[in-house]
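Subject: Structure for you to look through

Dear colleague,

I am passing on the structure we talked about, and below it I have written out what was found, in an order that you can follow with the model open beside you. Please read slowly and look up each residue as it comes.

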Amino acid sequence: MAIYAYGTPSEDSREFVYKSLTDEQNPVSRFLWSYFPNCDLNRLKTLKWEEMTADEINCWKHAHRLLDFKPGDWVLHINVPEYGKVTAARITSEYEYQDILPESHTDGRHYFRVKDIFTFDRNDKRVHRKLSSRLKLQGCLWQVYCEDEFNKSLNLLQGKSDKELSENHFLVTEANEMMERLTKTIQSNKPGKDMEHFLAEVFKKIPNVIDVKENGSGWKTDYGADLIVIYKTGLLPDLESVHKLVVQVKSYEGDHWETNAVAQLKTAITQFNASSGMLMTTGNRTEALERAFDSLAKEMEDNNIPVRLLAGSEVAQFVLQYGMDVLLGEKN
């Protein structure tokens, strides 16, 4: 069994996607990136790259993994039917294609037949924290490698094996609450530029990081990159390569609604020819922030530049994972 997640559909497609999932007669899971006729993946896979149009290449790049889906796999629709909700469905067919869509819709031709459809809040206390973190937007399609956590959460959400899993459930819940409190503590003690200095020290502790530059003193002087992290990857020393990560840092209280930070991150990636980008905010995720970041992720995906959003309690998890001694003030 594999678990896949779809990114948020556009506002005009969200209702159509949810209506298709909950159709009592013929429930189907629709995937977008099929906005033009005759974009059947079974046809596109027979074409050579140079034979494809720009639209066909775009469709293939974003949707070709659908051909790997198998009956019994799960698909999770993020922010469907509304922000913060997830609608899950078990796939019962191989990939199928519908060239003519109902009700004048222009996208959603890729689909699978499904069953066992249910909707839950991704922040529900019965959802395992590891799974919940993978249900944040990460592009248009990704695999969720949390089978055990998904099954345990599914049991709790459907009211099964509650006694068996209750101990782990409360541990996860209380640990998550602790992460939220720790992020607030970090933010209150490291506001503004202090947050950048603090996180720079944490990044320096990550294995394979070569250098961390604290860049400039504000927007329009740092070109959107508060931190520039140089790191190396490679299996063997003579096979290593050097990469550049640009980081936009925001010290926020409460919910993070403004989206300027996303635009600043995009500027930073371009200005510094970065290999990857990250937005870190102590504020909580909001639909406005996630939608803006999802748009950036899709754009960067076309250029093979991964981007990541860390928000709220995820900042505390990052600090605990890589910078425990920085947090506790220990010296090397």
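Is the crossing of helix 8 and helix 9 left-handed or right-handed? Before the answer, please keep in mind that this is a predicted model. The crossing of these two helices, helix 8 and helix 9, is right-handed. Helix 8 covers residues 260–271 and helix 9 covers residues 287–301, and the two pack with their axes 9 Å apart at an angle of about 20°. Because angles under 35 degrees count as roughly parallel, helix 8 is described as roughly parallel to helix 9. On the side of helix 8, the contact is made by Val262, Leu265, Lys266 and Ile269, while helix 9 contributes Leu289, Ala292, Phe293, Leu296, Glu299 and Met300. Sorted by character, the residues of this contact comprise eight nonpolar and two charged ones, with no polar residue among them.

Helix 9 comes up again when we turn to helix 1, which spans residues 11–21 and whose buried residues are Ser13, Arg14, Phe16, Val17, Ser20 and Leu21. The cover over these buried residues of helix 1 includes helix 9 together with strand 2, strand 3, strand 4 and strand 6.

Next come the salt bridges, of which the structure holds 18. One of them joins Arg90 to Asp116, with the closest N and O atoms 3.3 Å apart. Since Arg90 lies in strand 4 (residues 85–91) and Asp116 in strand 6 (residues 110–121), this pair ties together parts that are 26 residues apart in sequence. Both partners are partly exposed, Arg90 with a relative accessible area of 24% and Asp116 with one of 39%.

A second salt bridge stays inside one helix: Lys193 and Glu196 have their closest N and O atoms 2.5 Å apart, and because they are three residues apart in helix 7 (residues 193–204), about one helical turn separates them. Here the partners are not alike in their surroundings, for Lys193 is partly exposed at a relative accessible area of 31%, whereas Glu196 is buried at 8%.

In a third salt bridge, the side chains of Glu290 and Arg285 meet at 2.8 Å, N to O. Glu290 counts as buried at 1% relative accessibility, and Arg285 also counts as buried, at 13%. This pair belongs to a network in which salt bridges with shared partners join Arg122, Arg285, Glu290 and Glu314.

Finally, a few places in the backbone deserve your attention. Most residues other than glycine have a negative phi, and most peptide bonds are trans. Against that background, Val80 and Pro81 are joined by a cis peptide bond, with omega about 10°, and Pro81 is placed in the loop between strand 3 and strand 4. Asn38 is not a glycine, yet its phi is positive, at about 65°; Asn38 lies in the loop between strand 2 and helix 2 and counts as partly exposed at 42% relative accessibility. Asp116, which we met above as the salt-bridge partner of Arg90, likewise has a positive phi, about 55°, without being a glycine, and Asp116 lies in strand 6.

With best wishes

Terms used. Residues are numbered from 1 along each chain as its sequence is written. This is a predicted model: local features need pLDDT of at least 70, side-chain atom pairs count only at pLDDT 80 or more; totals for chains, interfaces and linings use all residues. Side-chain values use heavy atoms; hydrogens and water are left out. Axes are lines fitted to C-alpha atoms, for helices over the stretch in contact, and angles run from 0 to 180 degrees between N-to-C directions. Helices (H or I, at least four residues) and strands (E, at least two) are DSSP runs, numbered from the N terminus. Angles under 35 degrees count as roughly parallel, over 145 as roughly antiparallel, 65 to 115 as roughly perpendicular and the rest as oblique. A crossing is left-handed if the near helix is turned anticlockwise from the far one by less than a right angle, and right-handed if clockwise. Contact means heavy atoms within 4.5 Å. Ala, Val, Leu, Ile, Met, Phe, Trp, Tyr, Cys and Pro count as nonpolar, Asp, Glu, Lys and Arg as charged, and the others, Gly among them, as polar. A salt bridge is a side-chain nitrogen of Lys or Arg within 4 Å of a carboxyl oxygen of Asp or Glu. Buried means under 20% relative accessible area, exposed over 50%, partly exposed in between (1.4 Å probe, protein chains only).
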